[in-house]
Amino acid sequence: MYKTKEIAALVGIHPNTVRIYEDWGFISPVPRQANGYRIYSDIHLFQLKVARTLFRCEIVQGDIRKRARAIVYACGKEEFTKAKKLTKDYLTSLEREYVHALSATKVVEKWLRESPAVSKHTYSRKEVAILLDVTSEAVRNWERNGLITVPRLDNGNRAYGERELEQLQVIRSLRSAHYSINAILRLLNQIQQPSPDIVAILNTPADGEDIVSVTDQLGKSLLDAITDAKSTLALFHEKPNSQ
């Protein structure tokens, strides 16, 4: 059994944060002694460790943050079987996102070195959406906002080639990193110019990175989140029995 200061010290947070986590439902309701002091159990310690581990990485993607919160809330309700499954799903999602981030980085580097890709195969909008793991509506929205122009076949259907698929990989990764449509459009327009100056391409006041390091930064954040998800799964193997 632990007092507030004791359990806070074990997790490495301020005692007030422990109380806030209880208010937010991140840990189970904490019983009080006759004198009014809270008294915490090993289950509360486990719940705090899960929350601190999953929230350690300030991941840029909103949906990923939402998934992490769902795990913490399930633990707070002592729905540990559900929380463990959510953690496994979360890890799978992170690993899938990391593959996309790496793909975007390689594509940008290739654009800087090589001539445009020659299409050997064409894809429908539905097919590219599946390859990118996004909805067809997302692809349609990027087209509608001028991020990409897709050639058409004689029958009027859009035909996405290798070059369009590469461009969509970059768009997807930058949108995941919460860059605005206008910012991505500006970047893509500049990249399409001969001998692009990467430093000049990045015209955002937030930082002075080039477009390659933007996707690299996303990749690092995802790797950190993957490590934390694996650490959380390890915590479940050490979980104490419910009181």
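**View 1. Helix 6 and helix 8 are oblique to each other in this predicted model**. Helix 6 (residues 125-132) and helix 8 (residues 162-176), both taken as DSSP runs (H or I, at least four residues, numbered from the N terminus), pack at an angle of about 50 degrees, and their axes lie 11 Å apart. The axes are lines fitted to C-alpha atoms over the stretch in contact, and the angles run from 0 to 180 degrees between N-to-C directions. The pair is therefore called oblique, a word kept for angles that are not under 35 degrees (roughly parallel), over 145 (roughly antiparallel) or 65 to 115 (roughly perpendicular). The crossing of helix 6 and helix 8 is right-handed, meaning that the near helix is turned clockwise from the far one by less than a right angle. Val128, Leu131 and Leu132 in helix 6 meet Leu165, Leu168, Gln169 and Arg172 in helix 8, where a contact requires heavy atoms within 4.5 Å.

Residues are numbered from 1 along each chain as its sequence is written. Local features need pLDDT of at least 70 and side-chain atom pairs count only at pLDDT 80 or more, while totals for chains, interfaces and linings use all residues, and side-chain values use heavy atoms, with hydrogens and water left out.

**View 2. The buried residues of helix 1 line one face of the helix**. In helix 1 (residues 4-11), Thr4, Ile7, Ala8 and Val11 are buried, that is, under 20% relative accessible area with a 1.4 Å probe and protein chains only, whereas exposed means over 50%. Seen down the axis of helix 1, these buried residues fall within an arc of 105 degrees, so they line one face; the arc is that of the directions from the helix axis to the C-beta atoms. The buried residues of helix 1 pack against helix 2 (15-24) and helix 3 (42-54), while the face turned away from the buried side carries the exposed residues Lys5, Ala9 and Leu10. Just after helix 1, Gly12 takes a positive phi of about 85 degrees.

**View 3. Ile64 has its place in helix 4**. Helix 4 spans residues 62-76, and Ile64 within it counts as buried because its relative accessibility is 3%. The C-alpha atoms of Ile64 and Ala225 are separated by 9.2 Å, although these residues are 161 residues apart along the chain.

**View 4. The protein chain as a setting for the close-ups has 11 helices and zero strands**. Of its 243 residues, 44% count as buried.

Key:
Helices (H or I, at least four residues) and strands (E, at least two) are DSSP runs, numbered from the N terminus.
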